[in-house]
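Colleague: Pull up the model for me, would you? I'd like to go through its empty spaces, one of its strands and its odd backbone spots.

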Amino acid sequence: MTFRLDPCRCTRYGNRFLADDGPPGGTDARRQPYRKCELCRGTGTVAVACLSCGRRGRRRAQLVLTVANLDTGAVASHLVAPGTLDPRPDPVGGWVADLTPRVRVLAAATGVAAAVDPLTVRLPSAWGPDLPAAERHELAALAIAEAARPAWRVLVGRSTAPPPFDPAARLARLCALADLLLLDLVVEARRHDDALRWDVRYEVPGSPVPAVPPEPHADLSAALARTEVADALAGLGERGRSAPARMLRPDLPRPLHPTATDVAGIERRVHADCAGPAGGGGLPGAQAVWRDGRWWHTGLGHGEAVETLVGHPTGQVVRRVRVPLRRLAELPDPTWLGEPVSWRPCPDCRPSGLSCVTCGGTRRLHRTVLVTITDLRHRVVHLAWHAGAPDAATLAGNKLDGRASVRLSGRYRLGAWATGFGVRPEDLTDADGGHEIPPDVREGYVTLPWAGADPVGEQVAAVRPGLPAARLLVAAVRPDAPPLAELLRLAHGLDLALVVGVLDLRGHPADPLRAHGLLWSVDLRSLAAPVCPDDLPCRPSLEAAVADCLDGLDAALPETVPTDPEVAVPLPQSAPRPVPADPVPALLRLAAQHAGRTVTARFTRAGCAVHRHDDGAVRLVAVGPDLRIPD
């Protein structure tokens with residue numbers, strides 16, 4: 001039917017306007033619909049699109065497993081169909097088909113040296129080996145349809161296996177970087193259904209205990225295995241939004257302590273802290289905090305309940321009571337914290353469900369931004385940008401409304417510091433999330449709202465919203481990405497289209513605050529997908545675009561599967577092949593020939609097609625076996 005009837009959200013709270021939040025269902029009173037519900041009109045049910053079939057009324061009983069070698073271009077695939085499952089009894093009951101050995105065979109065939117995650121298909125409880133063949137086939141098809149989400153699973157690996165993971169080495173690196181960046185490293189355990197779940201993250205001092213850890217793990221070693229430096233920094237701004245801002249004193253001598261990287265010992269200590277006092281029934285959690293070169297330990301307890309009223313689309317108002325966690329012991333301030341940063345109340349905050357764009361929800365406008373530039377290994381520069389500080393800004397031009405655009409001196413140009421770290425200005429990113437630094441902030445351009453305005457203050461305001469403790473952490477790291485030609489070889493092996501967009505704005509004569517330089521995009525798509533007018537490049541470097549493409553393969557490759565469930569999923573196969581000719585020089589020449597317009601090249605096994613974007617339309621420029629452009 002392509003849709004299903006689900007209980008309306010109003011039945012969670014029953015026939016009442018003001019309701020208390022809590023677990024759904026349980027009593028007949030709570031399952032009653034709200035008579036004045038704006039969603040179901042009091043009927044208690046709503047029609048929702050069926051996501052299992054993609055609103056098609058049919059599901060594909062087919063699963064394709066593929067392993068691709070990025071180093072050689074070799075690709076091997078295997079089709080999982082109802083007659084190929086070979087189920088085995090499960091020790092916990094029922095029947096399962098283990099597909100993990102099949103993936104290992106594909107990895108061996110392509111020379112991929114990578115760990116293979118377990119992959120099993122559980123058959124319905126009604127399945128049994130004594131059933132008639134037609135019934136077994138139908139139940140097996142149902143099991144594959146449930147498992148085939150996505151219907152194409154691709155493992156991309158390399159010929160050389162990564163070095164074995166060392167939890168102690170990972171913890172030592174995280175601790176050393178915390179000392180370098182002047183941050184806390186928090187190792188936390190919380191109770192979830194009578195079991196401890198672990199999380200490792202960076203925080204600015206004074207951050208409250210977050211409501212929910214981002215991705216809890218079963219033990220400390222598992223948490224460290226899934227926590228690279230970028231993972232520990234992600235969400236720093238959200239966690240430190242209400243933390244007090246204080247000046248940094250990185251040059252002061254700090255106490256020296258041996259780097260404690262006894263993972264098992266830290267885990268035992270946090271376990272003991274979670275147990276709490278004898279006879280107390282245990283605490284909801286505990287933390288170990290690396291600060292000032294040593295570990296500090298504290299338990300977590302329940303704070304004061306916070307009550308909020310939330311309006312629902314049903315027309316009801318729901319009262320939510322949240323009991324936050326707090327640290328039972330306040331840690332001493334780190335030696336590298338100085339005096340508080342001055343601030344004023346935000347004049348634009350209004351009661352709203354959205355965060356204020358002026359202050360980022362902090363309700364404070366700090367007059368100083370603390371900038372930390374680092375290579376995330378061993379080099380760091382700490383800067384303080386103070387509003388009102390004198391600067392020899394130079395006039396860069398005037399906007400159409402008459403306002404002047406000025407360029408600040410090198411101290412306030414993040415791009416000027418990139419050379420000292422051995423990277424390009426376009427390689428600078430926000431360490432919290434890896435987002436691009438805006439070109440105007442990177443190059444020190446600001447527009448003065450009136451004649452005589454403070455240019456440094458305008459720069460501070462441009463980077464200020466939502467910063468944790470008024471701190472901006474900038475990663476000066478070149479993206480770790482293979483050459484575009486290797487990605488092109490992978491696309492050929494998977495029989496997909498590699499779509500590369502480039503926009504040359506290096507000679508842009510207009511406002512210097514506008515985007516400039518070279519912008520790139522790189523995507524893998526199905527052979528049937530056309531080039532769309534909104535396929536516009538936005539990444540500041542080719543390496544960043546390639547890295548984005550590889551990072552998003554898990555989501556992008558299943559999107560290339562045919563939408564019609566009766567159209568089979570392709571089974572790409574490819575022997576090792578040489579790296580094709582590098583298309584980058586030709587792409588750069590094409591972009592220069594069409595400066596100011598996006599040029600998109602679409603590479604397939606059959607050849608290459610070049611398109612140009614003209615005012616919302618896409619025009620085919622040339623088609624050929626490759627991208628060679630005669631001199």
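Modeller: Definition first: on a 1 Å grid over the protein atoms alone, a cavity is a set of points where a 1.4 Å probe fits but cannot get out, while a pocket is an open set with protein on both sides within 12 Å along at least five of seven lines; lining residues have an atom within 4 Å of a point. Points are joined across faces, edges and corners, and a volume is the space filled by probe spheres set on them. This is a predicted model, so local features need pLDDT of at least 70 and side-chain atom pairs 80 or more, while totals for chains, interfaces and linings use all residues. Numbering runs from 1 along each chain as its sequence is written, and side-chain values use heavy atoms, without hydrogens or water.

Colleague: OK, how many cavities of 30 Å³ or more does the search find? And what is the volume of the largest?

Modeller: Searching the whole structure at that cut-off gives 2 cavities. The second largest holds about 30 Å³ of space. For the largest cavity, the volume comes out at about 50 Å³.

Colleague: Which strands each supply at least two residues of the lining of that largest cavity?

Modeller: Its wall is made of Cys359, Thr362, Arg364, His366, Thr368, Val369, Arg464, Gly466, Leu467 and Ala470. Strands here are DSSP runs of E, at least two residues long, and helices are runs of H or I, at least four, all numbered from the N terminus. Arg364 and His366 are in that lining, and strand S20 spans 364-366. Thr368 and Val369 belong to S21, so to speak the other half of the pair you asked for: S20 and S21.

Colleague: And which element gives the largest share of the lining of the second largest cavity?

Modeller: That cavity is lined by Glu188, Ala189, Arg190, His192, Arg197, Trp198, Asp199, Pro213 and Pro216. Two elements give two or more of these residues, namely strand S10 (184-192) and strand S11 (195-203). The largest share, 4 residues, comes from S10.

Colleague: What about open space: which residues are closest to the centre of the second largest pocket?

Modeller: About 500 Å³ of space lies in that pocket. It has 19 lining residues, and the closest to the centre are Arg56, Arg60, Ala148, Ala151 and Val561.

Colleague: Back to S21, how many of its residues are buried?

Modeller: Buried means under 20% relative accessible area, exposed over 50%, and partly exposed in between (1.4 Å probe, protein chains only). In a regular strand, side chains alternate between the two faces of the sheet. Here Thr368, Leu370, Thr372 and Thr374 point one way and Val369, Val371 and Ile373 the other, and all are buried. For the strand, residues 368-374, that makes 7 of 7.

Colleague: Which strand does S21 pair with in the parallel sense?

Modeller: Two strands pair if DSSP finds at least two bridges between them. With S22 (residues 380-386), S21 pairs in the antiparallel sense over 7 bridges, and Val369 has Trp385 as its bridge partner there. On the parallel side, Thr374 is bridged to Ala475. That pairing, over 5 bridges, is with S27.

Colleague: Which residue in the hairpin of S21 and S22 takes a positive phi?

Modeller: Most residues other than glycine have a negative phi, and most peptide bonds are trans. The hairpin has 5 residues between the strands, and the one with phi near 60 degrees is Leu376.

Colleague: Ala469 has a positive phi too; is it buried or exposed?

Modeller: Its phi is about 55 degrees, though it is not a glycine. Ala469 is in the loop between helix H11 (455-463) and S27. With a relative accessible area of 7%, Ala469 is buried.

Colleague: And Arg41, does that count as buried or exposed?

Modeller: Arg41 also has a positive phi, near 60 degrees. It lies in the loop between helix H1 (28-31) and strand S3 (45-49). At 64% relative accessibility, Arg41 counts as exposed.

Colleague: Now the peptide bond from Arg149 to Pro150: cis or trans?

Modeller: Pro150 is in the loop between helix H3 (133-147) and S9. Omega of the bond from Arg149 is near 10 degrees, which makes it cis.

Colleague: Last one: what separates the C-alpha atoms of Asp166 and Ala225?

Modeller: Asp166 is in the loop between strand S9 (152-157) and helix H4 (167-181). At 41% relative accessible area, Asp166 is partly exposed. Ala225 is 59 residues away along the chain, yet the C-alpha separation is 8.2 Å.
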